[in-house]
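User: I'm new to reading protein structures. Could you walk me through this one?

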Amino acid sequence: MIQLYEITKEFGTFRAVDGVSLTVTKGKIFGLLGANGAGKTTLIRMMCGILPPSGGSGRVMGHDMIKGQKKIKRQIGYMSQKFSLYPDLTVKENILFYARLYGVTDVRGRVNELLELFQLQENSHKKVSSLGGGIRQRVAFASAIVHSPPLLFLDEPTSGVDPLTRRLFWEQLYELTERGTTILVTTHYMDEAERCDEVGLMNEGKMVAKGGLNDLQCCFADALQKEKPSLEDIFVYVMTGQGGYDDGEGLGKMGPDDRRRI
Ligand SMILES: Nc1ncnc2c1ncn2[C@@H]1O[C@H](COP(=O)(O)OP(=O)(O)OP(=O)(O)O)[C@@H](O)[C@H]1O
């Protein structure tokens, strides 16, 4: 569903994304982690066809990231950090708006289905501006999947959301993947990252570690002197650049076999 090869994005002389390669297969959840400003949103915006890469190549849903931007946009769902909702419209009107925008065939039926799925019926006629963060998050999520996209990008979807809503949210993500949806999600929550099939850790524009949790634990066990380091241990280790880690150097210390994953 996603195949990136050495994707780079420069804003003037500043390189926000630096040679990222990535593969995400159908039905999997890929978690993207990194400190603020690591380049996660920029990478997502390129994959969504919103921002052209400065270098490298990639395909999303089989379409070239540069030539196929329009086709990519039609086939994906994107929930941005700012939740692109209209505060003066009601919950139902917001979801209806996105349903019409994406040309959903049975608009009313689909919207009612989503209102029920996200337990939004009670609030369906309230203006979004009057609602709390957890409900707004559900409205944004419903709007992002209203056209049943096969590939979904979620940029910090649970930031500031209570633990119960977060749990429900993840149950819905699993349901979607069971139906074949592929998901790329960014998060700052380690428990959420551990729920992903694979994670990628970004630091200063580079993908500095990538793999399933077990793979990463094996990879970093020696360096962290723990048999099974937690993802948080690994995250802190990589992000603090202990030993000046980057794609090559850091892994070099862990042995040549470990390099293949990074
Ligand atoms: N349009 C732009 N022009 C100039 N610099 C930009 C632009 N967009 C992003 N940047 C810079 O690129 C870097 C990466 O930003 P990005 O938003 O991708 O990081 P992030 O990992 O998503 O951070 P966060 O976790 O805070 O959302 C930051 O230093 C940011 O200031």
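Analyst: Sure, let's take the overall build, then the sheet, then one helix. This is a predicted model, where local features need pLDDT of at least 70, side-chain atom pairs count only at pLDDT 80 or more, and totals for chains, interfaces and linings use all residues. Residues are numbered from 1 along each chain as its sequence is written.

User: How many helices and strands are there in the protein?

Analyst: Helices (H or I, at least four residues) and strands (E, at least two) are DSSP runs, numbered from the N terminus. Here you get 10 helices and 10 strands. The radius of gyration, taken over C-alpha atoms, is 19 Å, close to the 18 Å that the globule rule (2.2 Å times the number of residues to the power 0.38) gives for 262 residues, so the protein is as compact as a globular protein of that length.

User: What is the order of the strands in the open sheet?

Analyst: Generally, strands of a sheet pair through backbone hydrogen bonds, either parallel or antiparallel. Two strands count as paired if DSSP finds at least two bridges between them. In this open sheet, 6 strands follow the order β6-β7-β8-β3-β9-β10, with mixed pairing. β6 (76–79) and β10 (206–211) are at the edges with a single partner strand each, so one side of each has no neighbour in the sheet.

User: How many bridges join β9 to β10?

Analyst: There are 5 bridges, and β9 (residues 198–203) and β10 run antiparallel. For one pair to look up, Asn-203 has Lys-206 in β10 as its bridge partner.

User: Which strands does helix α1 touch?

Analyst: Contact means that the C-beta atoms of two residues, placed from the backbone, lie within 7 Å. Helix α1 (residues 40–47) packs on the sheet and touches β3 (29–34), β7 (151–155), β8 (182–186) and β9. Axes are lines fitted to C-alpha atoms, for helices over the stretch in contact, and angles run from 0 to 180 degrees between N-to-C directions. The direction of α1 makes about 155° with that of β7. Helix α5 (residues 133–144) lies across β6 and β7, at about 160° to β6.

User: Is α5 mostly covered or exposed?

Analyst: A residue is buried if 20 or more other C-beta atoms lie within 10 Å of its own, exposed if 12 or fewer, and partly exposed in between, with C-beta atoms placed from the backbone. α5 is mostly covered, with 10 of its 12 residues buried. Among them are Ile-135, Arg-136 and Phe-141. The cover over these buried residues of α5 includes β6, α3 (91–101), α4 (107–117), β7 and α6 (163–178).
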